[in-house]
Amino acid sequence: MPVLTRDEAQTRAHFLDVQRYAIELDLTTGGEDTFTSHTAIHFTTRRAGDTFVEVRCATLRSVTLDGTPLDPETLLDNRLPLTALTEGPHELRVDAVMRYSRTGEGLHRFTDPADGETYVYTQLFMDDVQRVFAAFDQPDLKAAFDLTVTAPDTWTVLANGITTRHDDGRWTAATTPLISTYLLAVAAGPWHSVTTEHAGLPFGLHCRRSLAPHLDADADELFEITRQCFDRYHEKFDEPYPFDSYDQAFVPEFNAGAMENPGLVTFRDAFVHRSAVTDTQRQTRAMVVAHEMAHMWFGDLVTLQWWDDIWLNESFAEYMGYQTLTEATRFTDTWVDFAIARKAWGYDADQRPSTHPVAPAPEAVPDTASALLNFDGISYAKGASALRQLVAWLGEKDFLAGINTHFARHKFANATLADFIDSLAGATDRDVHTWAQQWLSTTGADTLTPTVAEHDGQWHLTVTRQGQRPHRLTVGAYDRDPLDGRTLVPRDRFDIDVPHTAPLTRPGPRPALIVLNDQDLTYAKVRLDETSTEAALRSLSGVPDALTRAVLLNTLRDMVRDGELAPGDYLETARAHLCEESDLAVVEGVLAFAATHIGDRYLTPAERPAALGLLSDLTRDLIRRTEDATHPGLRLIAVRHFIDAATQPDTLRAWLQDGHVPGGPELDPELRWRILTRLAVLGASDPAEIATHLAGDPSATGEEGAARCRAALPTPAAKEAAWNALFHSDTLSNYLFTATAQGFWQPEQADLLAPYVARYYEDAVPFAARRGPAMAKAAGRYAFPMSAVEQENLRLGEACLTRADLTPALRRGLTDQLDDLRRALRVRG
């Protein structure tokens, strides 16, 4: 299937303008497999010549150009040639039968096992528009859209604009402003909806009917976050919200966290919490709301010209999401979560062979397939970190002035990195162009290392930079509390620029702890001098500020990954300090790294039982600490990780039979499936018990839980059945594939799984080619045999990378996984 190249897009953009699409979708024909799509495209050519339109259909029934029929047989793969066009206006009409998707691409169709109701929604990002309607599918050919949808009588149709229902089963949506093709959105089904009005606009929340009680329980919180962010963005941005309504639809089996369709943001419906969650999880949901709303301006109002500038969309929304949430809502410590979770994602991605600049060179993104690979920790977390550093260097006033100039210049149009930098440069005397070259066009993370000297009643700091970027950062100096010797008391905080020409001199004896990048304002790996390392390991919980603790924990994490700190020392540090940690994001981040990276990968099989024992002891201590019910979020995190670290089934079996953890919490569906998964891994469950639990929770997440459990059972029959479902039946949806893959690979089952390591490389390649980019990405991320930390796995993977038939999405996934495997082998060594 050909993908659109940058050169083709530029040629087409110079050749034609697109004014309007009139799209009619009929969802009442074709049963469970297909729907009909009729598209009328009104466009103008600037000269005589040829071009093409994209459509990926089951059947192309008819095509007319300016009233003259074209031969449907000329459609080759997904391209319909339009030849001998004369200069001037044209109308193209395309009538086609399209296929529903079960992979989260195009028009995804889902039947809820809880009640049998069916829902469909679009995800048209990158090049999936053509799965739903014919289009000149590139971001810089913006147009107005008129949409009509015929749906079953019991359904509601949502779209980018306000929709109106007619007596004949048709729904029409208000004409959109000029938007890119990938931003058109439809969500249809028997939605449960909660509505309100704010600032003169209708606001709505929508979910499956089976999730209605859970959405109702959180509707007030979601609307409050939405209103607070909406109002704060209007304080920041001169341009008003550019669309006629604001709907947020929580949709099933969604591949991303959310999608910024103007007027109709779609979210994965796991954000409708049907089980207990921590406040950090609520904060994460709120951040996604803020992130997607920022896209209404940066991404939707002003859109990238080509996909090499995807960071302009995602980095901006990521930065604005965290910053606006901090400023406008009760979630005032969001940058701690960013530091411990999102930033670690960026650092990891930036140290792999697949790293790329935040703003890649045009030749590095020659087509849509290569562009899709850049949705990673660099385009999100590193780019947002770079913008945070820019604001620290530039000042927020000048930064926002440049942003507002950018919106005014390019509203309802497209812009490039050069346009963005020019807008910023006009608001400041600083050399933004040089900053952009140093920060956005380079790869890798700088490393900042302190050297400390002390004499004549003063201490002196020199910062060595391994890298090439300028940094403005805060240095924190801490002394030991003389009363307890463990608590660290802030003595001084001061800003420095790196590189600097001479040592920085401060009065007094050297502090016990010196922290570079104390407020996490720059993006760099930070090291500690020897004295500070000892203080951090001994007194981490005595550091008063959560953001500083997050910076220190990232340093310790990097040291483990780089072979400078033994994994066991990290675990002992966690054991010593985590019971005194108050920030839930920090607790979750440390436990996740300790379990997933250290316990599952960095320690040998002989060392792993002791690590699981330490994690069990640590989480048991946290459970005891929270017996007074004053810290339910911390208790929930501890219970989850205690389950995951269990090496014996007795305690988990007792909890499952009693229906609760002693002292709470009650076992909700998430905890029940979590326990049952661990029991399955340990060989303490069976298919009959899994079926019984599924009968008690016949929901979509119940089906995923059951699939995960069945794949986790340590029997040859269970593994073979799971493998066939993963790679040979092609019937699993995107979510059921992921759940099955998550259950399959378990460190405890190395001998049983050994034959499947080689089979993975044999089967994943044709699977990715058959099922497309989304499933290829899932196969590379979730089905990869990461639990097999062995040289033979690495050898097989490196050989696979030489294959010419690897799809780009799978190649990128394998490249990243194999680099993580090499790192794990180095750490073990």
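Select Gly-683 to start: at a relative accessible area of 42%, this glycine is partly exposed, because that value falls between the 20% and 50% cut-offs. The model you have open is a predicted one. Gly-683 sits in the loop that links helix H18 (669-681) to helix H19 (687-696). Now add Pro-649 to the selection. Its C-alpha atom is 8.8 Å from that of Gly-683, although the two residues are 34 apart along the chain.

**Zoom out to the whole chain**

Show the cartoon. There are 26 helices and 28 strands in the chain. Along the principal axes, the C-alpha atoms fill a box of roughly 90 × 70 × 55 Å. What radius of gyration does the chain have? The value is 27 Å, and a compact globule of 829 residues would be near 28 Å, so the two agree.

Switch on the surface. About 29,900 Å² of the chain is accessible, and carbon and sulfur atoms account for 51% of that. Buried residues make up 60% of the 829 residues. Consider the contacts between residues at least 6 apart in sequence: 73% of these join residues at least 24 apart.

Colour by charge next. The chain holds 78 positive and 118 negative charges. Their mean positions are 3 Å apart.

**Cysteines**

Select Cys-57, then Cys-229. Are they buried or exposed? Cys-57 has 17% relative accessibility, so this residue counts as buried: the cut-off is under 20%. Cys-229 is buried too, at 0%. A disulfide is a covalent bond between the sulfur atoms of two cysteines. With a cut-off of 2.5 Å between cysteine sulfur atoms, the count in this model is 0 disulfides.

**Arg-46, between two strands**

Go to Arg-46. This arginine lies in the loop between strand S2 (34-45) and strand S3 (49-54). Its relative accessible area is 39%, so Arg-46 is partly exposed. Which residues does Arg-46 contact, leaving aside neighbours within four places in sequence? Select Ala-13, His-14, Phe-15, Leu-16 and Asp-17, then add Glu-87. Draw a distance from Arg-46 to His-14: their C-alpha atoms are 7.8 Å apart, with the two positions 32 residues apart along the chain.

**Two residues with positive phi**

Move to Asp-77, in the loop between strand S5 (68-70) and strand S6 (79-85). Asp-77 is not a glycine, yet its phi is positive, at about 55 degrees. The residue is partly exposed, with a relative accessible area of 47%.

Now jump to Ala-629. This alanine is in the loop between helix H15 (608-625) and helix H16 (632-645). Its phi is also positive, about 65 degrees, although Ala-629 is not a glycine. Is Ala-629 buried or exposed? At 58% relative accessible area the residue is exposed, because the cut-off for that class is over 50%.

**Pro-360, a buried loop residue**

Select Pro-360. The loop here runs between helix H5 (334-350) and helix H6 (368-372). Pro-360 has 9% relative accessibility, so the residue counts as buried. Show its contacts, not counting residues up to four places away in sequence: they are Asp-308, Val-365 and Asn-374. Asp-308 is 52 residues away along the chain, but its C-alpha atom is 6.0 Å from that of Pro-360.

**Ser-539, in a helix**

Next comes Ser-539, in helix H11 (residues 530-539). Its relative accessibility is 0%, so this serine counts as buried. What touches Ser-539, not counting residues up to four places away in sequence? Select Arg-480, Gly-485, Arg-486, Leu-488 and His-577 to display those partners.

**Two cis peptide bonds**

Show the backbone at Val-498 and Pro-499. The peptide bond between them is cis, with omega near 5 degrees. Pro-499 lies in the loop between strand S25 (488-498) and strand S26 (504-507).

For the last stop, select Gly-664 and Pro-665. They are joined by a cis peptide bond, and omega is about 5 degrees. Pro-665 is in the loop between helix H17 (650-658) and H18. Helix H18 also borders the loop that holds Gly-683, the starting point of this tour.

How values were computed
Residues are numbered from 1 along each chain as its sequence is written. This is a predicted model: local features need pLDDT of at least 70, side-chain atom pairs count only at pLDDT 80 or more; totals for chains, interfaces and linings use all residues. Side-chain values use heavy atoms; hydrogens and water are left out. Helices (H or I, at least four residues) and strands (E, at least two) are DSSP runs, numbered from the N terminus. Buried means under 20% relative accessible area, exposed over 50%, partly exposed in between (1.4 Å probe, protein chains only). The radius of gyration is taken over C-alpha atoms; the globule rule is 2.2 Å times the number of residues to the power 0.38. Contact means heavy atoms within 4.5 Å. Accessible areas come from the Shrake-Rupley method with a 1.4 Å probe; for residues, only the protein chains shown count as cover. Lys and Arg count as positive and Asp and Glu as negative; His and the chain ends are not counted. The place of a charge is taken as NZ of Lys, CZ of Arg, CG of Asp or CD of Glu.
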